[in-house]
Amino acid sequence: MSRIGKNPVAIPAGVTVEVANNVITVKGKLGQLTQEYSDVEVKVEEGQVLVERSSDHKDQRSKHGLYRSLINNMINGVSTGFTKELELVGVGYRASNQGQKLDLALGFSHNIVLEIAPEVVLETVSEKGKNPIVKLTSYDKQLLGQVAAKIRGFRKPEPYKGKGVKFVGEVLRRKAGKSA
């Protein structure tokens, strides 16, 4: 039995979970998320969601823990939300936003302008003497990670000086430069 899959997911107050036609819908104060599922059974009873499988077939075992984790992330997302912070490390690296448009100056000849999805709340923080920070907040964990990875992909941190776009708290593997 999957150790993750057999744990029930508690439903907090203010969140409703509906299951119909192999689609689970979770509604909360921050938004609504839907997820299709297959090869497992999802039951809502007594304020918790249970994910069960009918056999020990390889497909069902692999999807058992997967769908339990996805449902848990959906419930946490619509009730509390998720946040990711990216830090721009480098001389002249700047970030600003006008609504949902993120404007990044990352040392290229032109600024990068990125239109962010409306489900993701964008905020930029620029303090004198500190690196600029881009804060992303959303109720959809997958979309949030995808947007953050796209921003990080414009200028990944390099191992010698550490310049680039990195997650706040991310530990980089540093290399020694050439020895004279």
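# Notebook: salt bridges, sheets and helix α1

I began with Glu 52, which is partly exposed at a relative accessible area of 30%. My scale for this: buried is under 20% relative accessible area, exposed is over 50%, and partly exposed lies in between, with a 1.4 Å probe and protein chains only. A note on the source: this is a predicted model, where local features need pLDDT of at least 70 and side-chain atom pairs count only at pLDDT 80 or more, while totals for chains, interfaces and linings use all residues. I number residues from 1 along each chain as its sequence is written, and side-chain values use heavy atoms, with hydrogens and water left out.

**Entry: salt bridges**

Which residue does Glu 52 form a salt bridge with? I found Lys 43, with the closest N and O atoms 3.1 Å apart. I count a salt bridge when a side-chain nitrogen of Lys or Arg is within 4 Å of a carboxyl oxygen of Asp or Glu. Lys 43 is partly exposed as well, at 33% relative accessibility. The structure holds seven salt bridges, and I looked up a few more of them.

Asp 39 forms one with Lys 63, again with 3.1 Å between the closest N and O atoms. I noted that this pair links distant parts of the chain: Asp 39 sits in the loop between β4 (32–36) and β5 (41–45), Lys 63 in helix α1 (residues 58–79), and the two are 24 residues apart. My helices (H or I, at least four residues) and strands (E, at least two) are DSSP runs, numbered from the N terminus. Asp 39 counts as partly exposed at 34% relative accessibility, and Lys 63 counts as partly exposed at 24%.

I also checked Lys 130 and Glu 127, whose side chains meet in a salt bridge at 3.6 Å, N to O. Lys 130 counts as exposed, at 57% relative accessibility, whereas Glu 127 is partly exposed, at 45%.

**Entry: the aromatic pair**

Helix α1 came up again here. The structure holds one aromatic pair. Tyr 37 and Tyr 67 make it, edge-to-face, 6.4 Å centre to centre with 70° between the planes. The rule I used: rings of Phe, Tyr and Trp (its six-membered ring) pair if their centres lie within 6.5 Å, and planes under 30 degrees apart count as stacked, over 60 as edge-to-face and the rest as tilted. This pair, too, links distant parts of the chain, with Tyr 37 in the loop between β4 and β5, Tyr 67 in α1, and their positions 30 residues apart. Buried or exposed? I find Tyr 37 and Tyr 67 both buried.

**Entry: helix α1 and its sheet**

I checked the length of α1: at 1.5 Å a residue its 22 residues should span 32 Å, and its end C-alpha atoms are 33 Å apart, which agrees. The expected span is 1.5 Å times one less than the number of residues. Its buried residues include His 64, Tyr 67, Arg 68, Ile 71 and Met 74. Just after the helix, Gly 81 takes a positive phi of about 90°.

Where does α1 lie? I see it across β1, β5 and β6, running at about 160° to β6. Axes are lines fitted to C-alpha atoms, for helices over the stretch in contact, and angles run from 0 to 180 degrees between N-to-C directions. These three strands form an open antiparallel sheet in the order β1-β6-β5. Its edge strands are β1 (9–10) and β5, each pairing on one side only. I call two strands paired if DSSP finds at least two bridges between them. β1 and β6 (residues 48–52) pair over two bridges, and Val 9 stands opposite Val 49 in β6.

**Entry: the four-stranded sheet**

Next I followed an open antiparallel sheet of four strands, in the order β11-β12-β7-β13. The edge strands are β11 (121–125) and β13 (164–167), and the twist averages 20° from one strand to the next. Helix α2 (residues 141–153) packs on this sheet, touching β7, β12 (133–138) and β13, and its direction makes about 5° with that of β7. Contact here means heavy atoms within 4.5 Å. β7 (residues 82–89) and β13 pair over four bridges, and Val 89 stands opposite Gly 164.

**Entry: a hairpin**

Last, I looked at β9 and β10, a hairpin with six residues between its strands and a positive phi of about 90° at Gly 107 in the turn. Along β10 (residues 112–115), Ile 112 and Leu 114 point to one face and are buried, while Val 113 and Glu 115 point to the other and are not.
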